[in-house]
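Biologist: Could you take me through one part of this model slowly, as if I had just started the course? I'd like a close look at the sheet, and then a short tour of what lies elsewhere in the chain.

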Amino acid sequence: MYAVLLGRGQFVALLPDAEVERIRWGEVCCIIMLKLLKQIIICFCRTHSLCEDVSSELQRVISVGGRHASESQTSSFTGRGAMARLSRFVVSVRSWATRHTHHEDQRPDSFLERIRGPELIEVSTRQSNIRSFLGIREQPGGVNSRWPLARFNVNYSNNTNEDKKEEKKEVKEEKKEEKKEEKKEEKKEEKKEEKKDDKKDDKKKEEKKKEIFVIDPSSNIYYNWLTIIAAPVFYNWCMLVCRACFDELQEDHIKLWLFLDYGSDIIYIFDTFVRFRTGFLEQGLLVQDEKKLRDHYTKTLQFKLDVLSVVPTDVAYLKFGLNYPELRFNRLLRISRLFEFFDRTETRTNYPNMFRIGNLVLYILIIIHWNACIYFAISKLIGFGTDSWVYPNVSIPEYGRLSRKYIYSLYWSTLTLTTIGETPPPVKDEEYLFVVIDFLVGVLIFATIVGNVGSMISNMNASRAEFQAKVDSIKQYMHFRKVTKDLEARVIKWFDYLWTNKKTVDEKEVLKNLPDKLKAEIAINVHLDTLKKVRIFQDCEAGLLIELVLKLKPTVFSPGDYICKKGDIGREMYIIKEGKLAVVADDGITQFVVLSDGSYFGEISILNIKGSKSGNRRTANIRSIGYSDLFCLSKDDLMEALTEYPEAKKALEEKGRQILMKDNLIDEEAAKAGADPKDLEEKVEKLETALDTLQTRFARLLAEYTSSQQKVKQRLARVETRVKKYGSGTLSVGEAEDEKPEEEKTQ
């Protein structure tokens, strides 16, 4: 007896030996029959693809059949009805082959079937009749488990043309559905892209909308608004305290005060909106985002003060009446706008010192005004005329007038704060306390104010004092050296001319704190038009003109001064800014030509044109008729600028050569000759100096190399001695540490 184990839900049975041999014999017969059928079907195949499909199907059936035959309980081809089952199998295979040969064009793609695997299709009525005729019984699984091959044969042998058409229709429908789904997805993607584009457009529109009107703090609009807002602030600081202390002033002009008060409130509210639209710089750019502007303003202390300043505290008028203007004291919290207006005006005005003095006087008057109002209020609280310190009794007609009340209080306040003159002594403790506070305020505030006034006055006279110190030092020098009276008088007149015409300012000293870019722009604005009048500079590059403009130096000559004499070495060229110069003969009297504003001379002598008959010598005498302002450009400055512009240098030399040729002042043979020996000498001297510097550097490097080489040799010698002493082994850490101090000593 042998035990046979079947898989996938099958059971175990014990079979006799004879039965096992019959099973094996049946398996062999089945395999032989299947191989024969395979050869027969291949012969009937019409195309190569069909043969491949049939062979693949049969191989799959054989493999599955062989695997199941070895594992089955009993062979399907053994026992009772073995031949009947074998004949039914042959019929099913034959029907399957005929279906594939006669309906080749209607069969589905075998490649798709291989991928999808065998699909269990419902058995048709014809298939069920065949099964009932052949006597095949179906088990609950739907396929006879005793014949595993039948599961695969059923799927491919009994399919009808209708089933194939249905399959084709299903495939076509699936393709159509896939195409529809793809189109739907494409439409969805297009819609998404359109939505994204719409969102981007909306964002752009929102960004455009966010670019609101922003006021630049450095613009004239902002300054004009500061002028407007400063008026109600100054009004509140001057009139509120005065109206609160002097009842007649409030009662007699109630309508005027209400109009001014609520007019200032409207300006205050509008100023709050202006604050929300006032830009600020972030990374050098003016912020124009509404949210950032709002956040920047709301996070400041000034925002809280501005909100408090527009709180409608005058609603309390309904309870207390209109004669309590002190309820509006919260409007004083916007004083920062007044200070900002003063600061902006100080930077914009052309007379800053005068404005500072006027500003300090205004502060003094406001302090005296407030102190006078407080004095009158304290007198009213204590009682008019109760003692000698308070304001006299108002029942007296002389002291009952409003003007006398204010002027008397202002007089007392001025005497107290300035500590000038005598005031009635206090009587009560409250009076003593107020006078002490007044004295302290007067000492502290007026000491600061007087100190500032003194510094401003000294600054106003600083330039005059500096200039006068220069004049005094020169006078002392001329007196010490016993200079002639005539020359001394000319020097003093020259200084007077400079001071009266405001030409004592040293431009380099004034502009030294500016960046180079702004210096260049100022120089271009002042001197470029004058420099362009020179013929040789008219067609030069803009960069060269800017370099030359920065190198122009203003000079002033007094009447009778010689700017240059015939035969002098020309080291400068001159451009006349203001004044008149005369080209005179050697006697200094005869005038050939008079040069006026915009004229220039000396440009040829600073170019070193080769072949010039005059060389770099002056060819005429030029004398100043009156006081003359000239711009001077030195030869060294010109050559320094031309080193960066070699083409401009060639063009200038060519222009100068043409001018000399017109005046017949050039030697053509010398011009065509080789280089000037003087230039060669200068070049040789420059090479010698460069060689000297190279030699010194080489000597320094050589000394460093020799010292480092000696140190390396010493270290190698120490290493050799260590190796000889301790062998080829590595030195211990302690020995290496002992070696370090020795090396330091040798170094």
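Modeller: Let's start with a term we'll need: two strands count as paired if DSSP finds at least two bridges between them. Keep in mind, too, that this is a predicted model. With that in hand, look at β7 and strand β10 (residues 600–601), which pair in the antiparallel sense over two bridges. Two bridges is just what the cut-off of at least two asks for. You can find the partners by name: tyrosine 574 of β7 has phenylalanine 601 in β10 as its bridge partner, and isoleucine 575 stands opposite tyrosine 600 in β10.

Now turn to another partner of β7. Strand β7 (residues 572–578) is joined to strand β12 (residues 628–634) by six bridges, and these two run antiparallel. Here you can pick out glutamate 572, which stands opposite serine 634 in β12. As background, strands of a sheet pair through backbone hydrogen bonds, either parallel or antiparallel.

Put those pairs together and you get an open sheet of four strands, in the order β5-β12-β7-β10, with antiparallel pairing. The edges are β5 (553–557) and β10; each has a single partner strand, so one side of each has no neighbour in the sheet. One more general point helps when you look at the side chains: in a regular strand they alternate between the two faces of the sheet.

How does that fit into the whole? The chain has 28 helices and 12 strands. Of its 747 residues, 31% are buried. The chain exposes about 49300 Å², and carbon and sulfur atoms supply 57% of that area. If you take the contacts between residues at least 6 apart in sequence, 71% of them join residues at least 24 apart.

Next, a couple of loops. Glutamine 283 sits in the loop between β3 (281–282) and β4 (285–286). Its phi is near 55 degrees, a positive value in a residue other than glycine. Glutamine 283 counts as exposed because its relative accessibility is 81%, and the cut-off is over 50%. Lysine 482 also has a positive phi, near 60 degrees, and is not a glycine either. You'll find lysine 482 in the loop between α19 (462–481) and α20 (485–500). With a relative accessible area of 73%, lysine 482 is exposed.

For a buried residue, go to threonine 272 in helix α10 (residues 254–276). Threonine 272 has a relative accessible area of 14%, so it falls under the 20% cut-off and is buried. Leaving aside residues up to four places away in sequence, threonine 272 touches Tyr297 and Arg334.

Last stop, the cysteines. A disulfide is a covalent bond between the sulfur atoms of two cysteines. A search of the whole structure finds zero of them. Cysteine 245 is in no disulfide: the nearest cysteine sulfur belongs to cysteine 373 and is 5.0 Å away. A disulfide needs the two sulfur atoms within 2.5 Å, so this pair doesn't qualify. Cysteine 245 is buried, at 9% relative accessibility, and cysteine 564 is buried as well, with a relative accessible area of 6%.

How values were computed. Residues numbered from 1 in each chain as written. Predicted model: local features only at pLDDT ≥ 70, side-chain atom pairs only at ≥ 80, totals over all residues. Heavy atoms only, no water. Buried < 20%, exposed > 50% of the residue type's maximum accessible area, 1.4 Å probe, protein only. Contact = heavy atoms within 4.5 Å. Areas by Shrake-Rupley, 256 points an atom, 1.4 Å probe, with all protein chains shown as cover.
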